[in-house]
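Here are a few short exercises to work through with the model open beside you. Try each task before reading its solution.

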Amino acid sequence: MPKEKRSILRSLVVVLSKKHRNRRRIALFNPILPGANLRDRIIACCGALLGIAATGLLCHFALSSSVSVPVLIAPMGASAVLLFAVPTSPLAQPWPIIGGNTLSAIVGILVSALVPDPMLAGALAVALAIATMSMTRCLHPPGGAAALTAVLGGPAVASAGLGFALFPVAVNSILLVTAGWVFHRFSGHSYPHRPAAKPTNVHRTNDVPAPARGGVTPTDVEEAIQGFGEAFDVNPDDLKDLLLKAERVALERLNAHIACSEVMSRDVITVSADARPDVARAKLVEHAIRTLPVVDARGTVVGAVGHEQLVKPGARVADVMEPAVFERPETPAFRLLGPLSDGRTHEVMIVDRNGTLLGVVTQTDLLMVLARAALARSEEAQKGAALSMIPNR
């Protein structure tokens, strides 16, 4: 290799190694918040910008001339981080923000009046603020800053007395929460946050819904949290839902080789969207099936219809059908575990890129997939046990 080529190659290796080291250094500053992505961080920045600006401007123009205290206090910046960056956190909900900041400010004002030493008063105010917020179920980290501000805020805060808790603390908190509520209507996040709806029994019996009968239960989550010995900044219902989804993701990963195309029924009985409801009812009875794919003239799936829909009034099947659940043939069959176990969906339509029906996967088909996967794991375990019994030579 010519000398100049070796020199160029050596320089390239040095540059690449430096980039690798720099990436590793930069990675130290990556957020470790689960689920965080660039889009959410940009949304959080925009939300904090608009929320703090709206709160400050409203307080400035409405009340600045009638009060001597600042119209916007520093703890609102910390509240904005929670409100806009982690709106699902229990610490970022309306009552923790409003109640936590306001009650903590009251605690700080009272402690400041009773304890003359500012350093001792500040420490005592923060400690009592945590206790007060915990007892009133409004724990909010910026509340500690609100309590400290009430103690160390200077003559203006001291002269305001308990009025400081009303303005600016309570007013700032209410306006910030209102700004967050409006902003998150458009951000794609739910606020105030509500955990995912619990599965319901669509059959109106006393049985626990099928998705909730196995796997992780609320009691399991509670016992695990207690055994861990730490407090988590997450709603227990959200944690349970996350664990259930993680179980399904693991099943998909372990059985990704079983695709919908391998288990689907291909000779599918369909009904036209323009057919009369009695035609669909006759097909359901004749073939002993629960749901019919509804197709248009081109064979594209436009809905699904079963006995439950056919009791509704309508001149055509299109008038009573419901939306169909679709998947592609290459989709792992285990991904259908969720929709096929919710009690509402009895079969999933497998379609191509144009929406043309290729087949269906029913609850029975998925049961066979589960049996195949269990049998395969059992055979692997038996082979492993047999190999472990062979003596080493």
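**Exercise 1. The buried side of a helix**

Task: Find which elements the buried residues of H13 pack against, and work out how those buried residues are arranged around the helix.

Solution, step by step:

1. This is a predicted model. In it, the buried residues of H13 pack against three strands, S1 (271–272), S2 (291–295) and S3 (301–306), and against helices H14 (307–310) and H15 (317–320).
2. Next, pick out the residues themselves: helix H13 spans residues 277–287, and its buried residues are Pro277, Ala280 and Leu284.
3. Now look down the axis of H13: the buried residues fall within an arc of 65°, so they line one face of the helix.
4. The spacing fits a general rule: an α-helix has 3.6 residues a turn, so residues three or four places apart point the same way.
5. Turn to the face of H13 that points away from the buried side, and you will find the exposed residues Val285 and Glu286.
6. Finally, step past the end of the helix: H13 is followed by alanine 288, which has a positive phi near 55°.

**Exercise 2. A residue in H14**

Task: Decide whether glutamate 308 is buried or exposed, and find how far it lies from valine 320.

Solution, step by step:

1. Locate the residue: glutamate 308 sits in helix H14.
2. Check its accessibility: the relative accessible area of glutamate 308 is 62%. The cut-off for exposed is over 50%, so glutamate 308 is exposed.
3. Take the C-alpha to C-alpha distance: glutamate 308 and valine 320 are 9.5 Å apart in space, with a sequence separation of twelve residues.

**Exercise 3. Two helices in contact**

Task: Describe how H3 and H8 are oriented, and which residues make their contact.

Solution, step by step:

1. Start with the axes: those of helix H3 (residues 75–85) and helix H8 (residues 163–187) come within 11 Å and cross at roughly 25°.
2. Angles under 35 degrees count as roughly parallel, so H3 is roughly parallel to H8.
3. Add the handedness: H3 passes H8 in a right-handed crossing.
4. List the contact: H3 contributes Met76, Ser79, Ala80, Leu83 and Phe84, while H8 contributes Val169, Asn172, Ser173, Leu176, Val177, Gly180, Phe183 and His184.
5. Sort by class: the contact of H3 with H8 has eight nonpolar and five polar residues, and no charged ones.

**Exercise 4. The whole protein**

Task: Summarise the protein by its elements, its burial and its contacts.

Solution, step by step:

1. Count the elements: the protein has 17 helices and six strands.
2. Of its 393 residues, 34% are buried.
3. Among contacts with a separation of 6 or more, 63% are between residues 24 or more positions apart.

Key
Residues numbered from 1 in each chain as written. Predicted model: local features only at pLDDT ≥ 70, side-chain atom pairs only at ≥ 80, totals over all residues. Heavy atoms only, no water. Axes fitted to C-alpha atoms, helices over the stretch in contact; angles between N-to-C directions. Helix = DSSP H or I, 4+ residues; strand = E, 2+ residues; numbered from the N terminus. Parallel < 35°, antiparallel > 145°, perpendicular 65-115°, else oblique. Left-handed = near helix turned anticlockwise from the far one by under 90°. Contact = heavy atoms within 4.5 Å. Nonpolar A, V, L, I, M, F, W, Y, C, P; charged D, E, K, R; others polar. Buried < 20%, exposed > 50% of the residue type's maximum accessible area, 1.4 Å probe, protein only. Arc of directions from axis to C-beta.
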